[in-house]
Amino acid sequence: MHPIRTVTGPLAADRVDGPVLAHEHLALDLRRDGDDQAVLAEGHRTAIAAELAGLRAEHGLSLVVEQTCRGMGRDAAALARISRQAQVAVVASTGWYYEPFHPDEVAAADVDALTGMLLADIEDGLDGTGVRPGLIAEVGGHAEPTRAERRVLTAAARAATAADLPLATHAHLGRGGPAQLELLTGAGLPAHRICIGHQDLLDDPATHRELAAAGAYVAFDTIGKEPYQSDERRLRLLLALLDAGHADRVLLSCDISRHSYLRGHGGHGYGHLFRSFLPRARAAGVDDDLVDLLTRRNPLRFLTGATTEEF
């Protein structure tokens with residue numbers, strides 16, 4: 001089994017003995033149209049590291065999968081500093097978000113050129129830091145992928161296949177997951193190396209079952225973002241997917257993507273999953289072994305490509 005690539009070096013999966021946050025942001029810049037909240041910058045680093053360190057102490061947080069990619073304000077050096085300060089492992093990403101945030105390089109490049117850019121990041125490190133990504137994410141698409149998004153998704157699938165890395169998507173508002181999965185598997189990437197994002201924003205249990213039955217991971221990764229969807233409804237959707245027999249295909253996280261979401265800034269924070277959502281799930285009958293599956297074993301399988309027998 002391949003070790004997990006973290007921002008401070010390779011990490012054996014069997015050393016991850018606590019929960020994993022499967023989709024977060026620790027450094028990003030998505031500001032546009034006067035929205036100054038969509039940033040996690042230098043002035044927020046201390047609060048972020050302190051929050052993660054607190055979650056390590058209180059809940060055993062072992063690993064954060066950070067999905068900020070090209071055009072999203074990625075800062076691999078900052079991720080390494082936060083990881084060391086918090087003493088929590090961090091996985092970095094490469095890829096492209098959905099089209100409104102594509103940098104100019106996307107418009108000028110075909111699939112082969114885009115694939116080459118991703119492979120250079122994977123082989124040489126991110127942005128001159130030497131930090132190698134352990135994931136291609138969060139590769140974006142609308143409900144109906146645009147032409148540019150189709151190129152990016154295809155390139156991401158080819159690079160993930162060549163480098164034996166997993167791939168996580170941004171399905172905008174939860175829509176378009178089956179189309180993303182069809183495109184990615186059609187480009188040669190096995191379904192078990194794919195996670196379809198933001199499915200907790202989609203009130204459609206049939207689609208969740210379809211994705212999981214095809215072998216993809218289904219991300220309930222915006223937990224706590226109540227203006228988009230209530231956690232009550234998220235829990236109902238999660239329980240439906242568990243009851244359908246797909247517990248081994250679920251990933252959980254909070255997708256902190258604005259500094260107003262940070263606990264130190266009055267928000268629900270990275271730990272909302274542990275403080276609020278999982279206690280509700282336990283009250284609804286989710287036992288400790290199932291919590292460990294959802295928060296540790298599943299993300300480790302996704303990151304390493306391992307089978308259920310290996311975790």
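This talk describes the sheets, the enclosed spaces and the salt bridges of one structure.

Good morning. Please keep in mind throughout that the structure shown above is a predicted model.

I begin with the sheets. As a reminder, strands of a sheet pair through backbone hydrogen bonds, either parallel or antiparallel. In the first sheet I wish to show, three strands are arranged in the order S3-S6-S7, the sheet is open, and the pairing is parallel. Strand S3, residues 20-24, and strand S7, residues 89-91, form its edges; each has a single partner strand, so one side of each is left without a neighbour in the sheet. On average, and ignoring direction, neighbouring strands here are turned by 20° against each other. S3 is joined to S6 by three bridges, and the two strands run parallel. To find this pairing in the model, look for valine 20, which stands opposite leucine 63 in S6.

The second sheet is also open and has six strands, in the order S8-S9-S10-S11-S12-S13, again with parallel pairing. Its edge strands are S8, residues 93-94, and S13, residues 250-252, and each of them pairs on one side only.

Let us walk through part of this sheet, starting at S8. Two bridges connect S8 with S9, and these strands run parallel. Serine 93 has leucine 135 as its bridge partner in S9. Is strand S9 itself buried or exposed? Seven of the seven residues of S9, residues 135-141, are buried, so this strand is largely enclosed by the rest of the structure. On to the next pair: S9 and S10 are held in the parallel sense by four bridges, and glycine 141 stands opposite alanine 171 in S10. From S10 we reach S11, residues 194-196, through two bridges, once more in parallel. Here alanine 168 faces cysteine 195 of S11.

Alanine 168 and cysteine 195 lead directly to my next topic, since both belong to the lining of the largest cavity. In general terms, rolling a probe the size of a water molecule over the atoms shows where empty space is left. The structure holds one cavity of 30 Å³ or more, and the volume of the largest cavity is about 50 Å³. Its lining also includes Ala22, His23, Thr169 and Phe302. Which elements give two or more residues to this lining? They are S3 and strand S10, residues 167-171. By character, the lining residues of this cavity divide into six nonpolar, four polar and one charged.

The largest pocket is a separate feature, with about 480 Å³ of space. It is lined by 23 residues, and those closest to its centre are Leu30, Tyr97, Tyr98, Tyr228 and Ser257. This lining consists of ten nonpolar, six polar and seven charged residues.

I turn now to the salt bridges. Side chains of opposite charge can pair when their charged atoms come close. How many salt bridges does the structure hold? There are 19. I shall present three of them.

One joins aspartate 29 to arginine 31, with the closest N and O atoms 2.7 Å apart. Aspartate 29 is partly exposed, at a relative accessible area of 29%, and arginine 31 is likewise partly exposed, at 43%.

Another is formed by aspartate 121 and arginine 74, at 3.4 Å from N to O. Aspartate 121 lies in helix H4, residues 111-124, whereas arginine 74 lies in the loop between strand S6, 63-66, and helix H2, 76-86, so the pair ties together parts that are 47 residues apart in sequence. Aspartate 121 is buried, with a relative accessible area of 7%; arginine 74 is buried as well, at 13%. This pair also belongs to a network, in which salt bridges that share partners join Arg70, Arg74, Glu105, Asp121 and Asp127.

In the last of my examples, the side chains of aspartate 289 and arginine 297 meet at 3.4 Å, N to O. Arginine 297 has a relative accessibility of 13% and counts as buried.

Finally, I draw attention to one further acidic residue. Glutamate 149 is located in helix H5, residues 147-163, and is buried, with a relative accessible area of 0%. Its C-alpha atom is separated by 12 Å from that of glycine 176, and the two residues are 27 apart along the chain.

Thank you for your attention.

Methods
Residues numbered from 1 in each chain as written. Predicted model: local features only at pLDDT ≥ 70, side-chain atom pairs only at ≥ 80, totals over all residues. Heavy atoms only, no water. 1 Å grid on protein atoms, 1.4 Å probe; cavity = no way out; pocket = protein on both sides within 12 Å on 5 of 7 lines; lining within 4 Å. Points joined across faces, edges and corners; volume = space filled by probe spheres on them. Nonpolar A, V, L, I, M, F, W, Y, C, P; charged D, E, K, R; others polar. Salt bridge = Lys/Arg side-chain N within 4 Å of Asp/Glu carboxyl O. Buried < 20%, exposed > 50% of the residue type's maximum accessible area, 1.4 Å probe, protein only. Pairing = 2+ DSSP bridges. Axes fitted to C-alpha atoms, helices over the stretch in contact; angles between N-to-C directions.
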